[in-house]
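Reader: I'd like to learn how to read a protein model feature by feature. Can you walk me through one?

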Amino acid sequence: MSKCYLFAGEASGDLHGSRLMQALRKRSCFTHFRGVGGPLMRAQHLEIFLKMENFQVMGFSDVLRALPKLWKLFYQVRDDILRTNPACVVLIDYPGFNLRLARALRKKGFKGKIVQYICPTVWAHGKHRIKTMVQTLDLLLTIYPFEAAYFAHTPLKVQYIGNPLVENLARHSYQDNWMQRVGIPSSSDLIAIFPGSRKGEIIRHTAQQLQTAALLKRRHPQLLFALSCAHEELKPALEQAISQSSLQLNQDIYLTPSQFNYELMRDSRTALAKSGTVSLELALHCKPSLILYTLTSFNYFVAKYVLRLNLPHYCIVNILRQKEVFPELIGRQLDTQALLNKLAALHFDENLRQKLKEECMALHNQLGSCQPNEAASKAIEELLIC
């Protein structure tokens, strides 16, 4: 029985893993799948050793608090792989855990193939990881086209498979009546606000985003705002933040369930979003966007003095295009007046908007249109044949 062991430690990895399993089944690469996954991978009949939910921690401080638990889970997963001895182990994103797991498996003499799906951000920090990856991995699957260059001087097989977000958009079935369902009046002056998907992000970003929106609303009363709510449990915090602003809920601003995020991106005129994957999703919708991220003092210390981050750009859209496409403000304290001026320019300056849309189209072409999981499954199949 040819077995594949998959590990996904967070929700995005669960989505990638479920689609990869579908693609691998079509190729009949494996007869059995086991490992760590979430609800989507479980729906694809992954034999669960541990649930993905046990591994979900975010932010430096959260990771520190969870370290004892994570170490215990780490050794459980390592020992399960050694005991079941699969032909291939596919590690999806989650690099801090997964690269240590790959190294631990090799130290224990594991001879099967090890694949890392999604490259760690060695281009931002952690270039020392390259040596470990070369020594332990058989295949690295990347989702950004520039990443392979960082391994060109090594024998590691690296393949760009396309970006999953391009596939997500292609698969998405847009709901044309979404505004009616949310209660948003039809408007050509809708601004989308994406504060983040975690409570800590909501606390750090929403107040300033709403303050910026309120100031812009005073200048231009016709504007409407839609605030994305990532999870139902975040709704009270977002409602409280709105109540502390001058914006009126269901009059000036509307809470929008995350199930309509892509519809909101498509039908809004401009966006104000926290830095992260959402910025790339906005670019793929050709939506002029202002990107911000407020760091806690602890995270600022770690980023500057531990990781020593010193990039010309931090927004992935700008990194990919190697220039500032989306204006970005990132730091411990952000200038609300600067946010206001930049958001106003994005919304009303037609020449600027056209330039940004052209860059977004170029970015789409740069990422390509291939299907990542089909490409990944083919690469894994070829690896097993070798």
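Reader: Let's start with helix H11. How many of the eight residues of helix H11 are buried?

Author: One thing first: this is a predicted model. To read burial along a helix, go residue by residue and ask whether the relative accessible area is under 20%. In helix H11 (residues 277-284), seven of the eight residues pass that test, so the helix is largely enclosed by the rest of the structure. The buried ones are Val278, Ser279, Leu280, Glu281, Leu282, Ala283 and Leu284. Just after H11, cysteine 286 takes a positive phi of about 55°.

Reader: Now a helix with two faces. Which residues of helix H9 are buried?

Author: The general idea comes from helix geometry. An α-helix has 3.6 residues a turn, so residues three or four places apart point the same way. In H9 (residues 235-243), the buried residues are Leu238, Ala241 and Ile242. They span an arc of only 100° around the axis, which puts them on the same side of H9. On the face turned away from that buried side you find the exposed residues Pro236 and Ser243.

Reader: What covers the buried residues of H9?

Author: For cover, look at contacts. Among the elements that do the covering here are helix H8 (199-219), strand E9 (224-229) and strand E10 (253-257).

Reader: Zooming out, what does the secondary structure of the protein chain come to?

Author: The tally for the chain is 16 helices and 13 strands. Of its 386 residues, 54% are buried. The chain exposes about 17,600 Å², and carbon and sulfur atoms supply 50% of that area. For contacts, sort by sequence separation: among those with a separation of 6 or more, 69% are between residues 24 or more positions apart.

Reader: On to rings. How many aromatic pairs does a search of the whole structure find?

Author: The search finds twelve aromatic pairs. To read one, take the distance between ring centres and then the angle between planes. For tryptophan 71 and tyrosine 75, the centres are 5.9 Å apart and the planes sit at 25°, so that pair is stacked. Tryptophan 71 and tyrosine 75 are four residues apart in helix H3 (residues 60-84), which means about one helical turn separates them. Tryptophan 71 is partly exposed at 39% relative accessible area, and tyrosine 75 is partly exposed at 39% too.

For an edge-to-face case, take phenylalanine 74 and phenylalanine 97, with 5.3 Å centre to centre and 70° between the planes. Phenylalanine 74 is in helix H3 and phenylalanine 97 in helix H4 (residues 95-107), so this pair ties together parts that are 23 residues apart in sequence. Both phenylalanines, 74 and 97, are buried.

Reader: Which residues form one aromatic cluster?

Author: A cluster is read by following pairs from ring to ring. Here Phe7, Phe55, Trp71, Phe74, Tyr75, Tyr94 and Phe97 form one.

Reader: And charges: how many salt bridges does the search find?

Author: It finds 15 salt bridges. For each one, check the N to O distance, then where the partners sit. Arginine 34 and glutamate 47 meet at 2.6 Å, N to O. Arginine 34 belongs to strand E2 (residues 32-37) and glutamate 47 to strand E3 (residues 47-51), so the bridge ties together parts that are 13 residues apart in sequence. Arginine 34 is buried at 15% relative accessibility, while glutamate 47 is partly exposed at 33%.

Reader: What about a bridge inside helix H3: how many residues apart are aspartate 80 and arginine 83?

Author: Aspartate 80 and arginine 83 are three residues apart, so about one helical turn separates them. Their side chains meet at 2.7 Å, N to O. Aspartate 80 is buried at 0% relative accessibility, whereas arginine 83 is exposed at 57%. Arg34, Glu47, Asp80 and Arg83 are linked in a network of salt bridges.

Reader: Last one. How many disulfides does a search of the whole structure find?

Author: Here you would look for paired cysteine sulfur atoms, and the search finds zero disulfides. Burial can still be read for single cysteines: cysteine 119 is buried at 5% relative accessible area, and cysteine 229 is buried at 10%.

Conventions. Residues are numbered from 1 along each chain as its sequence is written. This is a predicted model: local features need pLDDT of at least 70, side-chain atom pairs count only at pLDDT 80 or more; totals for chains, interfaces and linings use all residues. Side-chain values use heavy atoms; hydrogens and water are left out. Helices (H or I, at least four residues) and strands (E, at least two) are DSSP runs, numbered from the N terminus. Buried means under 20% relative accessible area, exposed over 50%, partly exposed in between (1.4 Å probe, protein chains only). Contact means heavy atoms within 4.5 Å. Accessible areas come from the Shrake-Rupley method with a 1.4 Å probe; for residues, only the protein chains shown count as cover. The arc is that of the directions from the helix axis to the C-beta atoms. A disulfide is a pair of cysteine sulfur atoms within 2.5 Å. Rings of Phe, Tyr and Trp (its six-membered ring) pair if their centres lie within 6.5 Å; planes under 30 degrees apart count as stacked, over 60 as edge-to-face and the rest as tilted. A salt bridge is a side-chain nitrogen of Lys or Arg within 4 Å of a carboxyl oxygen of Asp or Glu.
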